[in-house]
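Welcome to this tour! Please open your viewer, keep the selection tool ready, and follow along one stop at a time.

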Amino acid sequence: MNAATEISNVDTRAIQAMDSASYMHPFTDTKELAAKGARVIVKGDGIYVWDSEGKKILDGMSGLWCVNVGYGRKSLAEAAYKQMNVLPYYNSFFNTTNVPAVELAKAIVGIAPDGFHHVFFTGSGSEGNDTIFRMVRRYWDLQGQSQKKTFIARNNAYHGSTVCGASLGGMKDMHAQGDLPIPGIAHIEQPYYFEHGKGMSEDEFGLKSARWLEDKILAIGADKVAAFIGEPVQGAGGVIIPPRTYWPEIQRICRKYDVLLVSDEVICGFGRTGQWFGCQTFGYQPDLITFAKGVTSGYIPLGGVLVGDRVAQVLIEKGGDFNHGFTYSGHPVACAVALENIAILKRENLVPRIHDDVGPYLKAKFEALVDHPLVGIANAIGLMAGLLLVRNKATMERFDANQPVGVVCRGHMFNNGVIMRHVGDRMIIAPPFVITREQIDEMMALIRRCLDATLDDIKARGWL
Ligand SMILES: *Cc1c(COP(=O)(O)O)cnc(C)c1O
């Protein structure tokens, strides 16, 4: 297939005009976008995408952390086509089920950590966290402890964009719009060593930051706290990798105060950290796991909740009707695609490959970026990595708030053919699992070149 011939059919200007006339984008300043014109992505293959001008771009972000098996997988398209022909839709309400949903639940339980035997399907990660919010409160209700309602989450966490997801999340810009968070949610500080761990070893900081949870539980009263929720590695917050002492201590505290532990694995789940789930990489056993994104490699929307035995048994034995669900819970086409996606991950050994091969390779190359004059810190785990741009490496001085160095850097990346996302002054990547060592070299060369270009650019702007 020739990318150029397909792309030549797309009239970029016309699409941009229609885009700004009618399409309101998520997380976007519509007015600003209309003035600039959106970049039109028209095709993907492997780890690359092409825009409507024919430019080939290495997708260092796997779309939005989801296209884990890479673009252009015919077997995923075929799984959807086959299922649509047989049964495009049926619901799971009212005593009915469908074959792909059942098979997928079994497949996910098959790769889940010990103690998980049930799956609840949703259409997205946000809906997964909304489901957990209701499920956990229902659980404590059934245990005769309906006063155990409060969720504790973290600043700079991302748990989705529904009212509940945004409330659980700790994004100030999201809370500022729509009067969030909703009641019954408290936040503690994130385990970001660079920002909060001055004068301590990483291990000490891991324990200290976990104990902020204990402080919060004691302040609220353990009899009122329902659950703690966190991402194994904060993704949208800028790939914040916690110290290895953090999660085991969080687990100890949750057990001590009888607080349920929720692992939001929408990014980390299905292999991103080099094991099937991030909680396995960090050594803790949650009660509930949220998943989405990587379950279908983003080919079709699907999310859900892995419900641990402790919660599932109570809901099933004592719960009666759980008055919650979605039209697309257990959607047969989405489930058929997810089944094939998991089959690909297994067939091609993509998860162990991250653990043993491309993960350590990326880590070595990426963390070496710290020798660059603009890079203060650089860390990677599995196939996710982040670095911090600083003004002065010796003092770790940051750029001023009115010097958006991350935006400038992202611009150079995109213009030079690599997608690297910015989160404030952090630059992050999460490439597709199929990336090869040669392609990691190619990506790292592009990143280095763009860091140099960023340095020249900000010197010219007088920011240094
Ligand atoms: C993306 C994401 C979500 C939200 O998933 P949607 O499918 O966009 O609703 C929730 N949690 C985490 C950790 C995410 O990265």
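Begin with the residues around the ligand: by class, this shell holds three nonpolar, six polar and three charged residues. As you look around, keep in mind that this is a predicted model.

**Stop 1: the ligand and its shell**

Select the ligand, then add its neighbours: Ser124, Gly125, Ser126, Asn129, Tyr158, His159, Gly160, Glu231, Asp264, Val266, Ile267 and Lys293. Which helix gives the largest share of this shell? Colour helix α7, residues 125-142, and you have it: three residues of the shell come from there.

Now zoom in on some polar contacts. Show the side chain of Ser126, where an N or O atom sits 2.5 Å from an oxygen atom of the ligand. Next, show the side chain of Lys293, which has an N or O atom 2.6 Å from a ligand oxygen. For Gly125, display the backbone instead: one of its backbone N or O atoms is 2.9 Å from an oxygen atom of the ligand. How much of the ligand does the protein bury? Taken alone, the ligand exposes 380 Å², and the protein buries 83% of that.

**Stop 2: a covered strand**

Hide the ligand and select strand β5, residues 150-154. This strand is mostly covered, with five of its five residues buried. Turn on the side chains to see which way they point: Thr150, Ile152 and Arg154 go one way, while Phe151 and Ala153 go the other. The residues on both faces are buried.

Which strands pair with β5? Add strand β7, residues 225-230, which runs parallel to β5 and is joined to it by three bridges. To find one of these links, pick Thr150 and look for its bridge partner in β7, Val225. Then add strand β6, residues 185-188, which also pairs with β5 in the parallel sense, over four bridges. Here you can pick Ala153, whose bridge partner in β6 is His187.

**Stop 3: an open sheet**

Move on to four strands that form an open sheet with mixed pairing, in the order β1-β2-β3-β13. The edges are β1 (41-45) and β13 (418-419); each has a single partner strand, so one side of each is left without a neighbour in the sheet.

Walk through the pairings from β2. Strand β2, residues 48-51, runs antiparallel to β3, and three bridges join them. Click on Trp50 and then on its bridge partner in β3, Lys56. What links β2 and β3? They form a hairpin with four residues between them, and Gly54 in the turn has a positive phi of about 90 degrees.

Continue to the other pairing of β3, residues 56-59: two bridges join this strand to β13, and the two run parallel. Select Asp59 to find its bridge partner in β13, Ile419.

**Stop 4: aromatic rings**

Finally, show the aromatic side chains. A search of the whole structure finds 15 aromatic pairs. One of them is Tyr246 with Trp247, an edge-to-face pair with 5.4 Å from centre to centre and 80 degrees between the planes. Are these two residues buried or exposed? Tyr246 has a relative accessible area of 0%, so this residue is buried. Trp247 is also at 0% relative accessibility and therefore counts as buried.

For the last selection, pick Phe121, Phe270, Phe277 and Phe291 together: ring pairs link them into a cluster.

Methods
Residues are numbered from 1 along each chain as its sequence is written. This is a predicted model: local features need pLDDT of at least 70, side-chain atom pairs count only at pLDDT 80 or more; totals for chains, interfaces and linings use all residues. Side-chain values use heavy atoms; hydrogens and water are left out. A residue is near a molecule or strand if one of its heavy atoms lies within 4 Å of it. A polar contact is a pair of N or O atoms within 3.5 Å; within protein, one must be able to donate a hydrogen and the other to accept it, and residues adjacent in sequence count only if both atoms are side-chain atoms. Accessible areas come from the Shrake-Rupley method with a 1.4 Å probe; for residues, only the protein chains shown count as cover. Ala, Val, Leu, Ile, Met, Phe, Trp, Tyr, Cys and Pro count as nonpolar, Asp, Glu, Lys and Arg as charged, and the others, Gly among them, as polar. Buried means under 20% relative accessible area, exposed over 50%, partly exposed in between (1.4 Å probe, protein chains only). Two strands pair if DSSP finds at least two bridges between them. Rings of Phe, Tyr and Trp (its six-membered ring) pair if their centres lie within 6.5 Å; planes under 30 degrees apart count as stacked, over 60 as edge-to-face and the rest as tilted.
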